[in-house]
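Visitor: I'd like a walk through this model, one question at a time. Could you start with whatever term I'll need for the surface figures?

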Amino acid sequence: MSQTRPVTRAIAKTGLIAADKVRAIWGRVCNGPILPLVDQGVVSGASFVTSVLIGRYCGPEALGVYALLWSIVLLVRGVQGDLISSPYMIYSRRYEGRELAEYTGSVVLHQFTLLAFTLLALSLMIAGSFLGIVRESLSTGAIILFAAPTFLMREFVRRISYAQL
């Protein structure tokens, strides 16, 4: 509740809405189904817009390569969710204080290990493309190489943040 007090006070000072109504509305937004729905809408919308832009400006071949490489990233996200994030969401409630900090640190270390393996695999694919072993587009692979860690970390932070609610 201490996080909502500055917002509640600021809105209540306007005199348009009573402070207790502001608290009730803010509680429904933060603790109800609205925040996850908005979050999912933003994430899904960004993914859709990215696909449309790649297809429109880079052509169907680049979009196909992007889709294939992105499916690998989504596979890694599934592994991340099943092996790292979901157990944290379940077991983090059992710990408090220093034990929770140690457990969270362990989960973060596991996440960075998974990221390192993902980057290694994508780098090998780009090297194979550069050497002519793999026939995929080098530029699309390079873009995925930079986008994958960002995407995976965003998903990791989202899940960890939901666990802390």
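Guide: Sure: accessible areas here come from the Shrake-Rupley method with a 1.4 Å probe. Keep in mind that this is a predicted model.

Visitor: With that in hand, what share of the accessible surface of the protein chain belongs to carbon and sulfur atoms?

Guide: Start with the total, as the accessible surface of the protein chain comes to about 11,200 Å². The part of that surface belonging to carbon and sulfur atoms is 67%.

Visitor: In what order do the elements of the protein chain run from the N terminus on?

Guide: The tally is 6 helices and 0 strands. Reading from the N terminus on, the order is therefore α-α-α-α-α-α.

Visitor: And how much of the protein chain counts as buried?

Guide: Buried takes a relative accessible area under 20%. Apply that to the 165 residues of the protein chain, and the share that counts as buried is 25%.

Visitor: Of the contacts between residues at least 6 apart in sequence, what share joins residues at least 24 apart?

Guide: Contact here means heavy atoms within 4.5 Å. Among contacts in the protein chain between residues at least 6 apart, the share joining residues at least 24 apart is 64%.

Visitor: Let's go helix by helix. How far apart are the end C-alpha atoms of H3?

Guide: H3 covers residues 34-58. Its 25 residues, at 1.5 Å a residue, should span 36 Å. The model agrees, because the end C-alpha atoms of H3 are apart by 36 Å.

Visitor: Which residue just after H3 takes a positive phi?

Guide: The phi in question is about 95°. Just after H3, the residue that takes it is Gly 59.

Visitor: Is Phe 48 buried or exposed?

Guide: Phe 48 sits in helix H3. It also helps make a nonpolar surface patch of about 540 Å², along with Val 49, Val 52, Leu 53 and Tyr 57. Exposed means over 50% relative accessible area. Phe 48 has 59%, so it is exposed.

Visitor: Moving on to H4, how far is Ile 84 from Phe 156 in space, C-alpha to C-alpha?

Guide: Ile 84 has its place in helix H4 (residues 60-91), and at 10% relative accessibility it counts as buried. Leaving out residues up to four places away in sequence, Ile 84 touches Val 79, Val 107, His 110, Gln 111, Leu 114 and Phe 156. Ile 84 and Phe 156 are 72 residues apart in sequence, but in space their C-alpha atoms are apart by 8.5 Å.

Visitor: What about H5: what span should its 35 residues have?

Guide: Helix H5 takes in residues 97-131. Its buried residues include Tyr 103, Val 107, Gln 111 and Leu 114. The end C-alpha atoms of H5 are 51 Å apart, which agrees with the expected span at 1.5 Å a residue, 51 Å.

Visitor: And what phi does Gly 132 take?

Guide: Gly 132 comes just after H5. The phi of Gly 132 is positive, about 90°.

Visitor: Which residue does Arg 98 form a salt bridge with?

Guide: Arg 98 is exposed, at 67% relative accessibility, while its partner is partly exposed, at 47%. The two are 4 residues apart in helix H5, so about one helical turn separates them. The closest N and O atoms are 3.4 Å apart, and the partner is Glu 102.

Visitor: Is Glu 155 buried or exposed?

Guide: Glu 155 lies in helix H6 (residues 138-164). Setting aside neighbours within four places in sequence, Glu 155 is in contact with Val 43, Arg 77 and Gln 80. Its relative accessible area is 7%, so Glu 155 is buried.

Visitor: Last one: which residues do salt bridges join into one network?

Guide: Glu 155 forms a salt bridge with Arg 154, N to O at 2.9 Å, and Arg 154 is partly exposed at 34%. Arg 158, which is buried at 15%, is 3 residues from Glu 155 in helix H6, so about one helical turn separates the two. The side chains of Arg 158 and Glu 155 also meet in a salt bridge of 2.9 Å. Through shared partners, the residues joined into one network are Arg 154, Glu 155 and Arg 158.

Terms used
Residues numbered from 1 in each chain as written. Predicted model: local features only at pLDDT ≥ 70, side-chain atom pairs only at ≥ 80, totals over all residues. Heavy atoms only, no water. Buried < 20%, exposed > 50% of the residue type's maximum accessible area, 1.4 Å probe, protein only. Patch = residues over 30% accessible without salt bridge, like charges linked within 9 Å, V, L, I, M, F, W, Y side chains within 5 Å. Salt bridge = Lys/Arg side-chain N within 4 Å of Asp/Glu carboxyl O. Expected span 1.5 Å × (residues − 1).
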